[in-house]
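This report describes the fold of one protein chain, with attention to its helix packing, a small sheet and some backbone details. The sequence and structure come before the description.

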Amino acid sequence: MATRSEPWRRPQRPARDHCMAPGRTTESPVGGGHRYTRMFPGLPHLSIGPDVLRAVGRAGGACDTRYSRRAESSVAAGWPVFGQFIAHDITADRSPVTHHDDAALVRNARSARLDLESMYGDGPIGNPFLFSRKDPAKMLLGLNDQNLAEDLPRNQEGVALVGDPRQDVHLLISQMHVAMLKAHNRLVDRLREDGVPEADLVSEARRALTWHYQWTVLNDFLPTTIGAQRTQRLLHDGPRFFQPTGVVSIPFEFADAAFRYGHSQMRHAYRVQRGGGELTLFPDLIGFRPVASDRVVDWSLLFDVHGEPRAARSRPIDGCLPEPLLRLPVDITGELDDQNYESLAVRDLQRGVATGLPSGEAVAALVGEEPLRPEEIGLSEFGWSGETPLWYYLLKEAEVREEGERLGPVGSLIVGEVLLGIVDADPESFRSVEPSWHPTLPSRVPDRFTLADLLVLHDDHPMPQHLLVDSFGVRTGS
């Protein structure tokens with residue numbers, strides 16, 4: 001006879017299309033016809049055959065961690081997860097991995113804004129299932145097996161109720177989403193205390209959370225990712241190459257190369273609770289199912305929190321991916337005709353060719369940086385002696401020029417300029433509306449607000465039961 005506890009352990013197939021299936025059907029973007037663009041439109045596309053891409057990217061190839069020189073960096077392990085959270089917020093290409101490289105045919109299902117679209121969806125009018133019916137200003141949370149509000153809300157089949165299905169692909173990203181939902185609800189409480197009218201609570205809480213989020217991207221995430229000096233120089237001088245006008249589009253060089261650097265930083269396994277064991281990214285932490293109480297993430301284990309022990313560290317950025325990403329489970333990929341596509345590295349390389357990216361050497365020369373030498377790239381033993389796919393080049397640039405601690409000069413330029421550019425081009429961002437604004441939520445270190453302050457907040461009040469929904473879609477409370 002089935003027991004009530006079984007759903008917390010039973011493997012479960014996603015109830016919607018596999019979010020990483022190589023042949024997934026092109027869909028109409030939720031937010032309209034957003035497009036991609038090219039940051040360096042004058043550069044030729046790199047031509048490289050599929051056999052070479054597979055030899056480089058599959059398990060045992062150049063992207064296998066057997067070729068890593070270091071196991072860890074000094075960067076906290078949570079940062080690549082936040083990078084994935086950002087990526088889901090601003091870019092979603094739902095066309096097949098091998099789609100044509102005509103930019104006019106490719107759509108971005110996200111708006112090019114750091115506005116937490118993957119969290120809020122179309123808001124309480126367009127996506128009312130994301131909000132509490134008893135307290136419409138607050139986001140809905142799901143109950144776990146201990147009756148605690150520590151999961152995404154889910155329907156009766158365990159499918160997450162979120163603005164983007166990728167937010168449930170693995171435990172770390174879904175739990176970061178939960179932390180952001182909680183931050184929204186805390187802001188609602190603060191705004192109520194300040195006398196904000198009920199009709200304005202959702203929009204005001206969203207704006208407050210979005211501004212805190214944008215602040216951490218520019219003032220915490222970027223210094224960690226590209227370096228403090230580069231960030232300061234960028235904020236002072238502005239972008240050199242990415243200067244959008246009118247409707248903003250995300251460059252392919254960012255979406256399909258530079259901002260995929262975090263795949264290299266992911267660890268093979270994570271400890272998510274103090275005293276708990278290490279759990280592999282896949283299959284242990286796979287998503288698409290309710291989150292049990294012993295899987296709730298303690299973010300102080302993955303981010304450095306003032307007064308707490310040092311967090312776990314990420315892998316270096318070095319051209320290699322951990323084994324779980326070279327052997328993705330079928331629950332994520334769907335059934336494959338070509339098993340090479342179980343490797344995320346093969347997918348990243350193929351995507352770069354499919355979208356017509358230039359070589360890393362060509363971009364480096366254009367922006368005035370000395371290109372890496374062939375021996376620094378190291379692909380000759382895998383059958384390639386030409387110029388380098390941009391994604392792989394930027395990983396090797398980080399390894400050679402920065403010891404894997406942060407992106408190198410070309411990668412930093414692309415990532416930094418695009419993230420700053422989309423914030424500055426957003427008429428509702430804090431830099432557009434109130435450039436002197438600073439975070440108002442409390443921080444552990446005076447005058448220094450960090451992502452950890454946003455994710456690891458203290459519960460001042462228990463969450464009312466009427467705001468919760470259990471993982472089978474049953475609303476609790478009256």
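## A cis peptide bond

P283 sits in the loop that links strand 7 (279-280) to helix 10. The model is a predicted one, and in it the peptide bond between F282 and P283 is cis, with omega at about 10 degrees. For comparison, most peptide bonds are trans.

## Positive phi values

Most residues other than glycine have a negative phi. L116 has a positive value, with phi near 60 degrees. This residue belongs to the loop between strand 2 and helix 3 (117-120). L116 is buried, its relative accessible area being 0%.

N147 also has a positive phi, near 65 degrees, and is not a glycine. The loop that holds N147 runs between strand 3 (141-143) and strand 4 (149-151). Is N147 buried or partly exposed? Its relative accessibility is 45%, so N147 counts as partly exposed; the buried class ends at 20% and the exposed class begins over 50%.

## The chain overall

The protein chain contains 18 helices and eight strands. It has 478 residues, of which 60% count as buried. Among contacts in the chain with a separation of 6 or more, 76% are between residues 24 or more positions apart.

The exposed surface of the protein chain comes to about 19700 Å². Carbon and sulfur atoms supply 49% of that area.

## A three-stranded sheet

Three strands form an open sheet in the order 2-1-5, and the pairing is mixed. Strand 2 (107-108) and strand 5 (250-251) are the edge strands; each has a single partner strand, so one side of each has no neighbour in the sheet.

Strand 1, residues 34-37, pairs with strand 2 in the antiparallel sense over two bridges. H34 has N108 of strand 2 as its bridge partner. In general, strands of a sheet pair through backbone hydrogen bonds, either parallel or antiparallel.

## Helix 1 and its cover

Helix 1 spans residues 50-57, and its buried residues are V52, L53, A55, V56 and G57. Which helices are included in the cover over these buried residues? Helix 10 (323-326), helix 12 (344-354) and helix 15 (390-402) are included.

The axes of helix 1 and helix 12 come within 8 Å and cross at roughly 150 degrees. The crossing of these two helices is right-handed. On the helix 1 side, L53, R54, V56 and G57 take part in the contact, and they meet A345, V346, L349, Q350 and V353 of helix 12. L53, V56 and G57 are thus listed among the buried residues of helix 1 and among its residues that meet helix 12.

## Helix 5 against helix 6

Helix 5 (residues 171-193) packs on helix 6 (residues 201-226) with the axes 9 Å apart and an angle of about 125 degrees. The two helices are therefore oblique to each other, since an angle has to be over 145 degrees to count as roughly antiparallel and 65 to 115 to count as roughly perpendicular. Helix 5 passes helix 6 in a right-handed crossing.

Helix 5 brings M180, A183, H184, L187, V188, L191 and R192 to this contact. The residues of helix 6 that take part are L201, V202, E204, A205, R206, A208, L209 and Y213. An α-helix has 3.6 residues a turn, so residues three or four places apart point the same way. Among the helix 5 residues in the contact are M180, A183 and L187, and among those of helix 6 are L201, A205 and L209.

How values were computed. Residues numbered from 1 in each chain as written. Predicted model: local features only at pLDDT ≥ 70, side-chain atom pairs only at ≥ 80, totals over all residues. Heavy atoms only, no water. Pairing = 2+ DSSP bridges. Helix = DSSP H or I, 4+ residues; strand = E, 2+ residues; numbered from the N terminus. Buried < 20%, exposed > 50% of the residue type's maximum accessible area, 1.4 Å probe, protein only. Contact = heavy atoms within 4.5 Å. Areas by Shrake-Rupley, 256 points an atom, 1.4 Å probe, with all protein chains shown as cover. Axes fitted to C-alpha atoms, helices over the stretch in contact; angles between N-to-C directions. Parallel < 35°, antiparallel > 145°, perpendicular 65-115°, else oblique. Left-handed = near helix turned anticlockwise from the far one by under 90°.
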